[in-house]
Amino acid sequence: MEKSKVYFTKEITPESVIKMYEKLGVKLNGKVAVKLHSGEEGNQNYLRPEFVKNIVEHVGGTVVECNTAYEGERNSTKKHEKLMEKHGWTKYFDVDIMDAEGPDMKLDIPNGKVIKENFVGKNMKNYDSMLVLSHFKGHPMGGYGGALKQLSIGCASSEGKSWIHSAGREKDQTKIWDNLPEQDLFLESMADAASSVVEYFKDNIVFINVMCNISVDCDCCAVAEDPCIKDIGILASTDPIAIDQACIDLVYNSNDPGKEHFIERVESRHGIHTIEAASQLGFGNREYELINVD
């Protein structure tokens, strides 16, 4: 397989996000969903609306999210809408909580390693293309969060998140946390789910990862550690596997001493296995060419 192209700049500005998108040479057509993380109540690290405003407007996008499967301020539509208003998303953008009303949309995964179907917010059917705009950081369960997590857990409905976390055993969010599967099954389920969203949008999906405010904790954590590594840059690709692999490699190759804390988080959760499993499913490539953009 030919190496995937991943564009990289050290410049972290709203304008450089647009520049990186345009480097891809892809025009997202029709109604564009911009999948990002709205940030849990109390989290200090998530990307702010003001930072992404230029790119959302540039693609004419609608900010899309889905409800969570854990206790917090985003596990019901009413609470999630209230928080999105508090965090400023509705001030600037059209916002769509895709699983606000059921039933979910089911995406089949015939070649899935663990799960054979994925449950996403039914409103996904309203979009022709998607910009996956990810804040790259650590994660208490997956090890790290980037494009693959945004595609899988991020696009899954509340019940779909439970389905992925339980490796296809349970949709009820009240029942999954006391009987979680073996870690690799969860990670492989994420890869399976991610593949189904990529297949759904086919060539009408692109990925931007922003490597700033890099904590070992996710933006879903109300109480998150402060960043442990200096900001690194922005990456863009049409390949979700390559862009996540490139982010991981940039951390490992960094001379920042804080990287050891981040690497421990990734390795203790076997986080790279999500990338391995995704690569085996064949919807992207771990081999990439990193192209520096001034």
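**A guided tour from Glu81 to the nonpolar cores**

Select Glu81 to begin: this residue is partly exposed, with a relative accessible area of 46% (buried means under 20%, exposed over 50%, partly exposed in between, with a 1.4 Å probe and protein chains only). The model is predicted, so that local features need pLDDT of at least 70 and side-chain atom pairs count only at pLDDT 80 or more, while totals for chains, interfaces and linings use all residues. Residues are numbered from 1 along each chain as its sequence is written, and side-chain values use heavy atoms, leaving out hydrogens and water.

Glu81 belongs to helix H3 (residues 77-86); helices (H or I, at least four residues) and strands (E, at least two) are DSSP runs, numbered from the N terminus. Add Thr274 to the selection: from C-alpha to C-alpha it lies 30 Å from Glu81, and 193 residues separate the two in sequence.

Next, select Ser237 in strand E11 (residues 233-237). Ser237 counts as buried, at 0% relative accessibility. A polar atom of the Ser237 side chain lies 2.8 Å from the backbone oxygen of Lys5.

Now turn to the largest nonpolar core, which has 51 residues (a nonpolar core is a set of buried Ala, Val, Leu, Ile, Met, Phe, Trp, Tyr and Cys residues joined through side-chain atoms within 4.5 Å). Helix H8 (residues 240-252) supplies the largest share of this core, 8 residues. Select Met130 and Phe262, the residues with the most contacts inside the core. Finally, select Val34, Ile55, Val63 and Trp89, which are among the 31 residues of another core, apart from the largest one.

Methods: A polar contact is a pair of N or O atoms within 3.5 Å; within protein, one must be able to donate a hydrogen and the other to accept it, and residues adjacent in sequence count only if both atoms are side-chain atoms.
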